[in-house]
Amino acid sequence: MANKLISEMGLPRSMANVFIARNIVTAKDALSLSEFELMEVLDVGLEEVTRAVAHISEISCPPYQTALSLLEQRNQNEYLAGHLPTRLKGLDAALFGGIPFGVVTELVGPAGIGKTQFCLKLALLASLPTSYGGLGGRVIYVDVESKFSSKRMIEMGLSSFPEIFHMEGLAQEMAGRILVLQPASLSEFTESLQHIKVSLLQHNVKLLIIDSMAALASGEYGLAPPKHHPLGWHISFIKSLAECYRIPVVVTNQVRSQSRDEASRYLFQGQRVIKIAKSSISPSMGFCFNITSSGVSLLDDEGVEMMGPEANTISWEGHIGIINYE
């Protein structure tokens, strides 16, 4: 709304022309100045400036919404969007159906915890025919660190869905639905986002996975923090793709240690736990899991509710966090 043009706001033509003549073209340009500054720049009286600013503010600011209308909108979006079931019973129940459509879901955890294994299984599930409970669509898998393994995915398929993967030609058909991109740099990834947007329209894409987001920036910026978040624009763009095309978008990020002592905490001597964190609708639940031939397998569908500091903590031994950004 801030970039809405003054000429499109319904101001009297004479006043709109004065704004444009003084190179005040957008709502942001006008509202960045005080009324007295506008009087000086536009060479008009206070009453005219006050009316113009009030009109621009009303047009450029989004209307208020009640809590009831937001709830109704959310329910409608849920009805239109749905979920991608993970086939992990307890986790799907806690997530009210699985990985939600229309939002960005982040998997956070230390290296080797199972983030890529989880993503491979999601890609497999999304490419399954709808008659077998899948989405029956294509998957775009952005493999930043070259961890994608078609061999591992086939192993998961044979273990999880033997009746499907032994059908002649079906495994090849599903594999053909998974489009793998391996950008070598952040700039290359930036260019590929536009192609991804086109693919979402043209190729019946039902899932977008980016594994991993942090690795895209680390190669170009190293350990020194940049003045501005290097992925700020990309995150906003990806979020808009999820909302606009009503698909599940999954990104992974690695918890990186700053010292050798801290890194030692991430050795998986204890139990692996997948945890829901920072969700606006789901409780903070933890589920113990193992990595098997079929992928991530829960040890118990009941789960344990996380309380206190543990509820939102990701960077402790043996944990992977699921975060929904809405």
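**Exercise 1. Find the bridge partner of threonine 292 in E10, then describe how E9 and E10 pair.**

Step 1. Look across from threonine 292: its bridge partner in E10 is glycine 295. Keep in mind that this is a predicted model, where local features need pLDDT of at least 70, side-chain atom pairs count only at pLDDT 80 or more, and totals for chains, interfaces and linings use all residues. Residues are numbered from 1 along each chain as its sequence is written, and side-chain values use heavy atoms, with hydrogens and water left out.

Step 2. Now the strands themselves. E9 covers residues 285-292 and E10 covers residues 295-298; they pair in the antiparallel sense over four bridges. Strands (E, at least two residues) and helices (H or I, at least four) are DSSP runs numbered from the N terminus, and two strands pair if DSSP finds at least two bridges between them.

Step 3. Check the turn: E9 and E10 form a hairpin, with two residues between them.

**Exercise 2. Work out which strands pair with E7, and in what sense.**

Step 1. Start with E3 (residues 104-109), which runs parallel to E7 and is joined to it by six bridges. In this pair, glycine 109 stands opposite glutamine 254.

Step 2. Move on to E6 (residues 205-211), which also pairs with E7 in the parallel sense, over three bridges. Here isoleucine 209 sits opposite valine 250.

Step 3. Is E7 mostly covered or mostly open? Mostly covered: five of the six residues in E7 (residues 249-254) are buried. Buried means under 20% relative accessible area, exposed means over 50%, and partly exposed is in between (1.4 Å probe, protein chains only).

**Exercise 3. Pick out the residues that touch the most other members of the largest nonpolar core.**

Step 1. Pin down the term: a nonpolar core is a set of buried Ala, Val, Leu, Ile, Met, Phe, Trp, Tyr and Cys residues joined through side-chain atoms within 4.5 Å.

Step 2. The largest core has 40 residues, and the ones touching the most other members are Leu84, Leu91, Phe118, Leu122, Leu207, Ile209 and Val250. Helix H7 (residues 115-127) gives the most to this core, eight residues.

Step 3. Zoom in on leucine 207. Leaving aside neighbours within four places in sequence, its contacts (heavy atoms within 4.5 Å) include Leu84, Leu122, Pro248 and Val250.

Step 4. Don't miss the second, separate core: it has 24 residues, among them Ile196, Ile210, Leu231 and Phe237.

**Exercise 4. Classify leucine 158 and histidine 234 as buried, partly exposed or exposed.**

Step 1. Leucine 158 belongs to helix H8. Its relative accessibility is 37%, so leucine 158 counts as partly exposed.

Step 2. Which residues does leucine 158 touch, not counting those up to four places away in sequence? Phe165 and His166. Leucine 158 and serine 294 are 136 residues apart in sequence, yet 7.9 Å apart in space, C-alpha to C-alpha.

Step 3. Histidine 234 lies in helix H13 (residues 232-245). At 6% relative accessibility, histidine 234 counts as buried. Leaving aside neighbours within four places in sequence, histidine 234 is in contact with Leu186, Phe189, Thr190 and Leu193.
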